[in-house]
Amino acid sequence: MKKILSLLLATGMVIGMQQTQAQNTSRTAQKAVQKQAKKTPLAKSESTATDEDDKEPDTSTSSSTEFNCELGNKLTIYQNASDANHIALRWKHRLHRMSRVETSTGANRFENRKLGLIWIGIPTKSILLDGKKGQQLANECRSAQQMAPQTQDMPKG
């Protein structure tokens, strides 16, 4: 009886050691994969987007639109008629190059992925977001044209 108990105990210890070794091997493999992922260079499209976001926008031939936002915030958008895929956004005395991102809703969305800035414009207002922190930077932004009273033709009755 003692021999059987000893044998069962020894077998349990061996199985436990094998499981521990398997877990350690699995963890080591996971760490190796994570380390390799960190060393892997960025994909070409990602590095291109970062390089593009770094470029200083040329606003010499652009038209500008000033926006007044809630809480007294102001910003300026510079658009070039020959390039509908980019705008320059002046926010807090800095000029940022923003690239168009397609949307399913038809809203104008521009991003600077390196800084995490997101500009979303709809016909009635716009908003500036910090995508990295997940917060609003400027809300209820309206141009002079958007603030002008909208007159609609009312049917005469």
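**Exercise 1. The disulfide**

What is the torsion about the S-S bond of C69 and C141, and is the disulfide right-handed or left-handed? Work out as well what this bond ties together.

*Solution.* Keep in mind that we're working with a predicted model.

- Step 1: find the bond. C69 and C141 are joined through their sulfurs, with S to S at 2.1 Å. The cut-off for a disulfide is 2.5 Å, and the count comes to one disulfide.
- Step 2: read the torsion. About the S-S bond of C69 and C141 it is about 110°, so the disulfide is right-handed.
- Step 3: place the two ends. C69 sits in the loop between β1 and β2 (74-80), while C141 belongs to strand β8 (residues 135-143), so the bond ties together parts that are 72 residues apart in sequence.
- Step 4: check the accessibility. Buried means under 20% relative accessible area. C69 has 9% and therefore counts as buried; C141, at 0%, is buried too.

**Exercise 2. The overall layout**

How many helices and strands does the protein chain have, and in what order do they run? Then describe how the strands are arranged.

*Solution.*

- Step 1: count the elements. There are three helices and eight strands.
- Step 2: put them in order. Starting at the N terminus, the chain reads α-α-β-β-β-β-β-β-β-β-α.
- Step 3: follow the pairing. The eight strands make a closed barrel, β1-β2-β3-β4-β5-β6-β7-β8, and the pairing is antiparallel. On average, neighbouring strands of this sheet are turned by 30° against each other, direction ignored.
- Step 4: look at the chain as a whole. It has 157 residues, of which 25% count as buried. Among contacts with a separation of 6 or more, 30% come from residues 24 or more positions apart.

**Exercise 3. Walking from β3 to β5**

Take strand β3 (residues 83-91), strand β4 (residues 94-100) and strand β5 (residues 108-112), and go through their bridges and the link between β3 and β4.

*Solution.*

- Step 1: β3 to β4. These two run antiparallel and are joined by six bridges. One bridge to pick out is A88 with its partner R97 in β4.
- Step 2: the hairpin. Two residues lie between β3 and β4, and K92 in this hairpin takes a positive phi near 55°.
- Step 3: the cover on β4. Five of the seven residues of β4 are buried, so the strand is mostly covered.
- Step 4: β4 to β5. Again the strands run antiparallel, here with two bridges. S99 has E111 of β5 as its bridge partner.
- Step 5: zoom in on E111. With 12% relative accessibility, E111 counts as buried. Its side chain makes a polar contact of 2.7 Å with the side chain of R109, and E111 has another of 3.3 Å, side chain to side chain, with R113.

**Exercise 4. The aromatic pair**

Which rings form the aromatic pair, and is it stacked or edge-to-face?

*Solution.*

- Step 1: search. Across the whole structure, one aromatic pair turns up. The rings are those of F67 and W119, with centres 5.2 Å apart and planes at 75°, so the pair is edge-to-face. The angle cut-off behind that call is over 60 degrees.
- Step 2: locate the residues. F67 is in strand β1 (residues 63-68) and W119 in strand β6 (residues 117-121), so the pair links distant parts of the chain, 52 residues apart. F67 and W119 are both buried.
- Step 3: look at the strand next door. β6 pairs with strand β7 (residues 126-130) in the antiparallel sense, over five bridges. Within β7, L128 is the bridge partner of W119.

**Exercise 5. The surroundings of W91**

Is W91 buried or exposed, and what does W91 touch?

*Solution.*

- Step 1: place W91 and check its accessibility. W91 lies in strand β3, and its relative accessible area is 9%, so W91 is buried.
- Step 2: list the neighbours. Leaving out residues up to four places away in sequence, W91 touches N73, K74, L75, H96, L128, L137 and A138.
- Step 3: take one of them, K74. K74 and W91 are 17 residues apart along the chain, and their C-alpha atoms are separated by 7.4 Å.
- Step 4: connect this to Exercise 4. L128, one of the residues W91 touches, is also the bridge partner of W119.

Definitions and conventions: Residues numbered from 1 in each chain as written. Predicted model: local features only at pLDDT ≥ 70, side-chain atom pairs only at ≥ 80, totals over all residues. Heavy atoms only, no water. Phe/Tyr/Trp six-rings, centres within 6.5 Å; stacked < 30°, edge-to-face > 60°. Helix = DSSP H or I, 4+ residues; strand = E, 2+ residues; numbered from the N terminus. Buried < 20%, exposed > 50% of the residue type's maximum accessible area, 1.4 Å probe, protein only. Pairing = 2+ DSSP bridges. Axes fitted to C-alpha atoms, helices over the stretch in contact; angles between N-to-C directions. Contact = heavy atoms within 4.5 Å. Polar contact = N/O pair within 3.5 Å; in protein donor to acceptor, adjacent residues only side chain to side chain.
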